[in-house]
Amino acid sequence: MSIIVKITDDGSKTLFLPEMNETYHSIFGAKTESEHVFIKAGYKLFAQQKLNILEIGMGTGLNVFLTYLHHNNDNKEIYFETLEKYPLNEHLYKELNYAITDENKLIFSQIHTSNWNEIIYLNKSFLLHKKQIDLLDFSSENKFDLVYFDAFDPAKQPELWTEKVFQNIYNHMNTDGILVTYSAKGIVRRAMQSVGFKVERIPGPPGKREMIRASKS
Ligand SMILES: C[S@@+](CC[C@H](N)C(=O)[O-])C[C@H]1O[C@@H](n2cnc3c(N)ncnc32)[C@H](O)[C@@H]1O
């Protein structure tokens, strides 16, 4: 599949899949969207020191990278498991412009060059476990406090936004765990509610009126 690099409205880059007519992030701002949906509406809600995070769709690595930067400021201990069925080629992640300083460029590069299916330390308190698997085959020995659900749009990948998938994720979450996603579609909310999530619609990032925050209470 061909993939094209695009610049979004906040100056950060994203990827576009012509065959699917789908971008990896909002064209109104890739970084702005990730900061809003996953960091501000998810990560920032946790006061606890240790956090297990699960991401669906590692893609460009932007969510891993932003979480790493925030953890550097708040000193949380992070275990970050991220699933990806189609890892990016080197020529694509090298074109992304999320890291500015040399130190952060090194971290961003490590996020991509580290081995799949191994746990590595990005620093002494950030463990990264990249799993090259299909979400439909997901299982883990871990339980998660926070889930970043960042699959392609439900209209493009309906098989990933089903009750069965959300049930599996729910079973892998700790009580009081939170799942955040950019979509607020009715079909997604109902699938989540049917497996036991308490679902809230909250304001979305630029270009999106609402997003979902679901909790396991
Ligand atoms: C919205 S994009 C990625 C967003 C990513 N978090 C980022 O910041 O770049 C969705 C991602 O899910 C991945 N994906 C698609 N189908 C998948 C599947 N069945 N299992 C796991 N990952 C999948 C895609 O390859 C893509 O990287």
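**Note on a predicted model: helices, sheets and two buried residues**

1. The axes of α2 and α4 cross at roughly 135° and come within 10 Å. That angle makes α2 oblique to α4, and the crossing is right-handed. On the α2 side the contact involves Val-64, Phe-65, Tyr-68 and Leu-69, which meet Asn-104, Ile-107, Phe-108 and Ile-111 of α4. The model is a predicted one, and the points below should be read with that in mind.

2. Helix α2 also packs against α1. Here too the axes come within 10 Å, with a crossing of roughly 65°. That makes α1 roughly perpendicular to α2, and α1 passes α2 in a right-handed crossing. From α1 the contact draws on Ala-30, Lys-31, Ser-34, Glu-35, Phe-38 and Ile-39, and from α2 on Leu-62, Asn-63, Leu-66, Thr-67 and His-70.

3. Thr-67 deserves a separate remark. This residue lies in helix α2, which spans residues 62-74. Is Thr-67 buried or exposed? Thr-67 is buried, because its relative accessible area is 0%, and the cut-off for buried is under 20%. Apart from neighbours within four places in sequence, Thr-67 is in contact with Ile-39, Tyr-43, Ile-53, Phe-80, Phe-126 and Tyr-148. Of these contacts, Ile-39 is one of the α1 residues that take part in the contact with α2.

4. The eight-stranded sheet is open and has mixed pairing, in the order β6-β7-β5-β4-β8-β9-β11-β10. Its edge strands are β6 and β10 (198-203), each of which pairs on one side only. On average, neighbouring strands of this sheet are turned by 20° against each other, direction ignored. Helix α1 (residues 30-40) packs on the sheet and touches β8, β9, β10 and β11 (210-215), its direction making about 165° with that of β9. Helix α4 (residues 102-113) also packs on the sheet, where it touches β6 and β7, and its direction makes about 35° with that of β7.

5. Pairing within this sheet can be followed strand by strand. β4 and β5 run parallel and are joined by seven bridges, and Leu-54 stands opposite Glu-81 in β5. Strand β5 (residues 77-83) pairs in turn with β7, in the parallel sense and over six bridges. In that pairing Tyr-79 has Leu-127 of β7 as its bridge partner.

6. On the other side of β7 is strand β6 (residues 119-123), and the two pair in the antiparallel sense over four bridges. Ile-119 has His-129 of β7 as its bridge partner. The connection from β6 to β7 is a hairpin through two residues. Why is strand β7 described as largely enclosed by the rest of the structure? Strand β7 covers residues 126-131, and five of its six residues are buried, so the description follows.

7. Helix α5 (residues 163-171) has Val-165, Phe-166, Ile-169 and Tyr-170 as its buried residues. They cover an arc of only 135° around the axis, and therefore lie on the same side of α5. An α-helix has 3.6 residues a turn, so residues three or four places apart point the same way. The cover over the buried residues of α5 includes β4 (50-56), β8 (144-149), β9 (173-181) and α6 (186-194).

8. Asp-150 is located in the loop between β8 and α5. Asp-150 counts as buried because its relative accessibility is 15%, and the cut-off is under 20%. Not counting residues up to four places away in sequence, Asp-150 touches Phe-38, Glu-55, Ile-56, Gly-57, Asn-63 and Tyr-182. Among them, Phe-38 of α1 and Asn-63 of α2 also take part in the contact between those two helices. Asp-150 is 70 residues from Phe-80 in sequence and 14 Å from Phe-80 in space, C-alpha to C-alpha.

9. There is also a three-stranded sheet. It is open and antiparallel, in the order β1-β2-β3. β1 (4-7) and β3 (22-23) are the edge strands, each pairing on one side only. β1 runs antiparallel to strand β2 (residues 13-17), and four bridges join the two. Ile-4 has Phe-16 of β2 as its bridge partner.

Key:
Residues numbered from 1 in each chain as written. Predicted model: local features only at pLDDT ≥ 70, side-chain atom pairs only at ≥ 80, totals over all residues. Heavy atoms only, no water. Buried < 20%, exposed > 50% of the residue type's maximum accessible area, 1.4 Å probe, protein only. Arc of directions from axis to C-beta. Contact = heavy atoms within 4.5 Å. Pairing = 2+ DSSP bridges. Axes fitted to C-alpha atoms, helices over the stretch in contact; angles between N-to-C directions. Parallel < 35°, antiparallel > 145°, perpendicular 65-115°, else oblique. Left-handed = near helix turned anticlockwise from the far one by under 90°.
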